[in-house]
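Hi,

Here is the structure I promised to send over. Have a look, and then read my notes underneath.

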Amino acid sequence: MYIYSTGAAIITTVAGLLLAEPLLRLLGLPEEIMPQATTFLRIYFSGTIIFFGYNGTSAALRGLGFENPLYFLIIATIVNIILVLLFVGLFKWGVAGAAYATLVANGIAFGLAAFWLNRTHKLIRIGIRGLRFDREIFRQSIRIGLPTGIQQTFVALGNLALLSIVNKIRHQRDSRIFSCQQT
């Protein structure tokens, strides 16, 4: 699972870093916030391996009977709030500070989940030494997960299309208001 997730995270990271600005333009984001949004999205995409790692570890914990990996996210949320106040409020890092706070907080959630998994379960341990690719497990994972993945992709694309429409309508409305104010 971790080998596949790492590979998928690397591909997603590279694609996200390269396509961040074009994706935001496709969504019709106003030009005045484009630089900040691009900065945030690129920093966020650089942490994809952290997000994939937490989600995989959380799924393993739930599969082994640990009912609430949510506890790790609660801790991460509290850390995120504190770090945003520190990075944005005190250090004045702006949008980049908020993105870095999110990465650090999610890294803590991943670290806590991995620690908990290694400490409490002998069946599954996270470590570089024991990693090996199992073709049969990979095949079964694809067979089971691909339909749900495709479904979630279409839900996300629908949400992005709706966001794009809303942004374009808002931009047209703002343009009309601005032109009316100048006359």
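Below is what I found, starting with one helix pair and moving on to the cores.

Bear in mind that this is a predicted model, with local features needing pLDDT of at least 70, side-chain atom pairs counting only at pLDDT 80 or more, and totals for chains, interfaces and linings using all residues. Numbering runs from 1 along each chain as its sequence is written, and side-chain values use heavy atoms, leaving out hydrogens and water.

Helices α2 (residues 34-46) and α5 (residues 94-120) have axes that come within 9 Å and cross at roughly 20° (helices are DSSP runs of H or I, at least four residues, numbered from the N terminus; axes are lines fitted to C-alpha atoms over the stretch in contact, with angles from 0 to 180 degrees between N-to-C directions). The two are therefore roughly parallel to each other, a label for angles under 35 degrees. On the α2 side, Q36, T39, F40, I43, Y44 and S46 make the contact, and on the α5 side V95, A96, A98, A99, Y100, T102 and L103 (contact: heavy atoms within 4.5 Å).

As for cores (buried Ala, Val, Leu, Ile, Met, Phe, Trp, Tyr and Cys residues joined through side-chain atoms within 4.5 Å; buried is under 20% relative accessible area, exposed over 50%, partly exposed in between, 1.4 Å probe, protein chains only), the largest nonpolar one has 15 residues. Helices α3 (48-63), α4 (70-90) and α5 each supply at least two of its residues. Another core, of eight residues, lies apart from it and includes L29 and M34.

Finally, I78 lies in α4 and counts as partly exposed at 48% relative accessibility.

Cheers

Terms used: Angles under 35 degrees count as roughly parallel, over 145 as roughly antiparallel, 65 to 115 as roughly perpendicular and the rest as oblique.
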